[in-house]
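Me: Please take a close look at the backbone outliers in this model, and at the packing inside it. Short sentences are fine.

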Amino acid sequence: MALVSMKQMLLGALEGGYAVGQFNLNNLEFTQAILQAAQEERAPVILGVSEAYIPYMGGLPCIVGMVKSLIDHYGVTVPVALHLDHGSTYELCLRALHAGFTSVMIDASHHSLEHNIDVTQRVTQAAHALGATVEAELGRITGREDDLVVDEAEGMYAVPDECARLVRETGIDCLAPALGSVHGPYRGQPKLGFERMGVIQRMTGVPLVLHGGSGLPDEEIRQAISLGTCKINVNTDNQMACTAAIRAYLNERPDAYDPRNYLIPAREAIKTSVIAKMRLFGSSGQAGEQAKQVN
């Protein structure tokens, strides 16, 4: 199946009361594991690529080529979107779109609302002309985003009226409002703003995105989905599963040197982690209906 945008994925999830997982690509094994998990679970999936990983993975065209080749190699038939995560500029979003990404996130949340609206509007116009989708962010999500660190004291919940204005004036397809989630491991018990989440979804009418989906209690994930969260981003849990599998293998076999011997168990650990999230989010088994919607 060819890469698709997130539009029908997320609208289907909003209507069906589940969420589609965005799982970040960190290398070849992550890409293999996520695609294999999606196909086995018959789940639509979003492959996320953060800006810092673009040079590490050989550039945007290389990433697109790898994803398309693996889709063909594994005979993947479920809907797959390739999404730029936290794109910092209009220019980067355009480069990703022209390279073959089917969705982009423009993150101007650290700028004024007016600047956020202006750049997001321009990205949305370009993306929609190419049949791609756009995600934007409002407020500040605490934790670490690549090389940006936001302390809890600096975290800012998104304001519902501002969210409604951003959606109305830009035409974005989904919104990531800052409501207490963090990037990276949680320190202490997270406190998500569920009441405000529901208000924002009702005021905007668009699918909401939850960043920092790793480490959240299952009941909070389910509550967020019930309030219109249709895309949940996961990376740290998969990275930790990968690293734990490699560490365990090498601790037991200190003389091992062939990377395949420890990367294959790592790939399986990532796949197991992804499958668990797909089942929690309710996206397992939804690919049949999603495929009908995108055709």
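Reply: R42 is partly exposed, because its relative accessibility of 33% falls between the 20% and 50% cut-offs. This is a predicted model. The residue lies in a loop, the one joining α2 (28-41) to β2 (45-50). Its phi is positive, about 55 degrees, yet R42 is not a glycine.

H86 also has a positive phi of about 55 degrees without being a glycine. Its setting is a strand, β3 (residues 80-87). H86 has a relative accessible area of 10%, so it counts as buried, the cut-off being under 20%. To recap the pair: R42 sits in a loop and is partly exposed, whereas H86 sits in a strand and is buried.

Now the packing. The largest nonpolar core holds 76 residues. The residues with the most contacts inside it are L25, L47, V80, L82, F101, L175 and F281. Helix α11 (residues 259-281) supplies the largest share of this core, with 8 residues. A second core is separate and has 13 residues, including M6, A13, Y18 and A81.

L25 deserves its own view. Neighbours within four places in sequence are set aside here. Beyond them, L25 is in contact with F30, T31 and I34. Its partners also include L47, G48 and V49. Y53, M57, I63, V67 and L82 complete the list. Two of these partners, L47 and L82, are themselves named among the residues with the most contacts inside the largest core.

Conventions: Residues numbered from 1 in each chain as written. Predicted model: local features only at pLDDT ≥ 70, side-chain atom pairs only at ≥ 80, totals over all residues. Heavy atoms only, no water. Core = buried A, V, L, I, M, F, W, Y, C linked by side-chain atoms within 4.5 Å. Buried < 20%, exposed > 50% of the residue type's maximum accessible area, 1.4 Å probe, protein only. Helix = DSSP H or I, 4+ residues; strand = E, 2+ residues; numbered from the N terminus. Contact = heavy atoms within 4.5 Å.
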